[in-house]
Amino acid sequence: MTDITLKRKNNSIVEVTASGHTGYGESGEDIVCAGVSTLLQASLLGLLQVAKINVKYAVNEETGSLRFTLPQELTDEERHDADVILNTLLCGLQDFYTEYSDFINLEVI
């Protein structure tokens, strides 16, 4: 089971945490885990490389965990870009959750 938590502050996502492997398929062939991982990693790359936001992040490949947190102080443009990227992430994760809720736990707080 992959546990994913998105934390909101002032109606904007400010932190994303994901851990665990979905267990949908064998290691290296788990399409659900690969899809979720791709969404998460692409969102982090978008924040870092496209929006140029100095996001703090930590990855642990052994446990299958990723956590990233946005800085508290963002310009209006950075906040807009982060909202677009992270709300797109949420849409993708919700879609996966709809189809694979036995393998993904998604919480937005």
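1. A residue is called exposed when its relative accessible area is over 50%, and buried when that value is under 20%. With this in mind, Cys 91 counts as exposed because its relative accessible area is 51%, whereas Cys 33 counts as buried because its value is 18%. A disulfide is a covalent bond between the sulfur atoms of two cysteines. The count of disulfides in this structure comes to 0. Please keep in mind throughout that the model is a predicted one.

2. Concerning the overall make-up, the protein chain contains 2 helices and 5 strands, and, read from the N terminus on, these elements follow one another in the order β-β-α-β-β-α-β. Of the 109 residues in the protein chain, 33% are buried. The surface that the protein chain exposes amounts to about 6800 Å², and carbon and sulfur atoms supply 48% of this area.

3. Concerning the dimensions, a compact globule with 109 residues would have a radius of gyration near 13 Å, and the protein chain has 14 Å, so the value agrees with that expectation. Taken along the principal axes, the C-alpha atoms of the protein chain fill a box of roughly 45 × 25 × 20 Å. Among contacts in the protein chain with a separation of 6 or more, 58% come from residues that are 24 or more positions apart.

4. Concerning the strands, β1 (residues 2-9) and β2 run antiparallel and are joined by 7 bridges. One position to look up is Asp 3, whose bridge partner in β2 is Ser 19. The two strands β1 and β2 form a hairpin with 2 residues between them, and in that turn Asn 10 has a positive phi of about 55°.

5. Strand β2 has a further pairing, since it also runs antiparallel to strand β4 (residues 65-69), with 4 bridges between the two. Here Thr 17 stands opposite Arg 67, which lies in β4. As background for looking at such strands, side chains in a regular strand alternate between the two faces of the sheet.

6. Concerning the aromatic residues, a pair of rings is described by the distance of the centres and the angle of the planes. The structure holds 3 aromatic pairs. In one of them, the rings of Tyr 24 and Tyr 100 have centres 5.3 Å apart and planes at 80°, and the pair is therefore edge-to-face, the cut-off for that class being over 60 degrees. This pair links distant parts of the chain, because Tyr 24 sits in the loop between β2 (12-19) and α1 (31-50) while Tyr 100 belongs to helix α2 (residues 76-100), which puts them 76 residues apart.

7. Tyr 100 also pairs with Phe 96, and since their ring centres are 6.1 Å apart with planes at 35°, this pair is classed as tilted. Phe 96 and Tyr 100 are 4 residues apart in helix α2, so about one helical turn separates them. Both tyrosines named so far count as partly exposed, because the relative accessibility is 38% for Tyr 24 and 22% for Tyr 100.

8. Which residues form one aromatic cluster? The members are Tyr 24, Phe 96, Tyr 100 and Phe 103, and the edge-to-face pair of Tyr 24 and Tyr 100 described above is found among them.

Key
Residues are numbered from 1 along each chain as its sequence is written. This is a predicted model: local features need pLDDT of at least 70, side-chain atom pairs count only at pLDDT 80 or more; totals for chains, interfaces and linings use all residues. Side-chain values use heavy atoms; hydrogens and water are left out. Rings of Phe, Tyr and Trp (its six-membered ring) pair if their centres lie within 6.5 Å; planes under 30 degrees apart count as stacked, over 60 as edge-to-face and the rest as tilted. Buried means under 20% relative accessible area, exposed over 50%, partly exposed in between (1.4 Å probe, protein chains only). Two strands pair if DSSP finds at least two bridges between them. A disulfide is a pair of cysteine sulfur atoms within 2.5 Å. The radius of gyration is taken over C-alpha atoms; the globule rule is 2.2 Å times the number of residues to the power 0.38. Contact means heavy atoms within 4.5 Å. Accessible areas come from the Shrake-Rupley method with a 1.4 Å probe; for residues, only the protein chains shown count as cover.
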